[in-house]
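Hi,

Here is the structure I said I'd pass on. Have a look at it first, and my notes on one helix and one pocket follow below.

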Amino acid sequence: MESTSWTTPGVFAGPGGVLTEDGGTLTGELTVHTEWEQGRARVAVQYQDGGEWYALAGSPVACPDPGVSRTVHQSAVEAVRAGGAVRFAPRVIPAA
């Protein structure tokens, strides 16, 4: 089974923080991690020095291939930086 992942540390959550499925709203310096597997991209965040990962609200998202997962990851990083504590919805998912 193929999987691809992307990780970006040192991302500061924008005003209002980032909404997660199981950890509520997180603020401050976070690490963003995206993993693609079987047509889905799962996006999670953790506090910079934390151990527990929290799924972004709205994750996982449909993602046709591992290459597109990079676009999903960058969209997630931008969403965390924007803050607003809203559900994650990637801006662009190119067709395969």
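A quick definition before the details: "buried" here means under 20% relative accessible area. Bear in mind, too, that this is a predicted model.

Let's start with helix H1, which runs over 66–82. By that cut-off, its buried residues are Pro 66, Val 68, Ser 69, Val 72, His 73, Ser 75, Ala 76, Val 77 and Val 80. What lies over them? The cover includes the strands E1 (3–12), E2, E4 (29–37), E5 (40–47) and E7 (61–62).

The length of H1 checks out: with 17 residues at 1.5 Å a residue it should span 24 Å, and its end C-alpha atoms are 25 Å apart, so the two agree.

Both ends of H1 have something to look at. At the start, a side-chain oxygen of Asp 65 comes to within 2.9 Å of the backbone nitrogen of Gly 67. Just after the helix, Gly 83 has a positive phi of about 70°.

Now the pocket. The largest one has a volume of about 170 Å³. It is lined by 16 residues, and those closest to its centre are Ala 79, Val 86, Arg 87, Phe 88 and Ala 89. By type, the lining splits into 10 nonpolar, three polar and three charged residues.

Which element gives the largest share of that lining? H1 again, with four residues. Strand E2 (18–19) also supplies at least two, and E2 is among the elements covering the buried residues of H1 as well.

Cheers

Key. Residues are numbered from 1 along each chain as its sequence is written. This is a predicted model: local features need pLDDT of at least 70, side-chain atom pairs count only at pLDDT 80 or more; totals for chains, interfaces and linings use all residues. Side-chain values use heavy atoms; hydrogens and water are left out. On a 1 Å grid over the protein atoms alone, a cavity is a set of points where a 1.4 Å probe fits but cannot get out, and a pocket is an open set with protein on both sides within 12 Å along at least five of seven lines; lining residues have an atom within 4 Å of a point. Grid points are joined across faces, edges and corners, and a volume is the space filled by probe spheres set on the points. Ala, Val, Leu, Ile, Met, Phe, Trp, Tyr, Cys and Pro count as nonpolar, Asp, Glu, Lys and Arg as charged, and the others, Gly among them, as polar. The expected span of a helix is 1.5 Å times one less than its number of residues. Buried means under 20% relative accessible area, exposed over 50%, partly exposed in between (1.4 Å probe, protein chains only). Contact means heavy atoms within 4.5 Å. A polar contact is a pair of N or O atoms within 3.5 Å; within protein, one must be able to donate a hydrogen and the other to accept it, and residues adjacent in sequence count only if both atoms are side-chain atoms.
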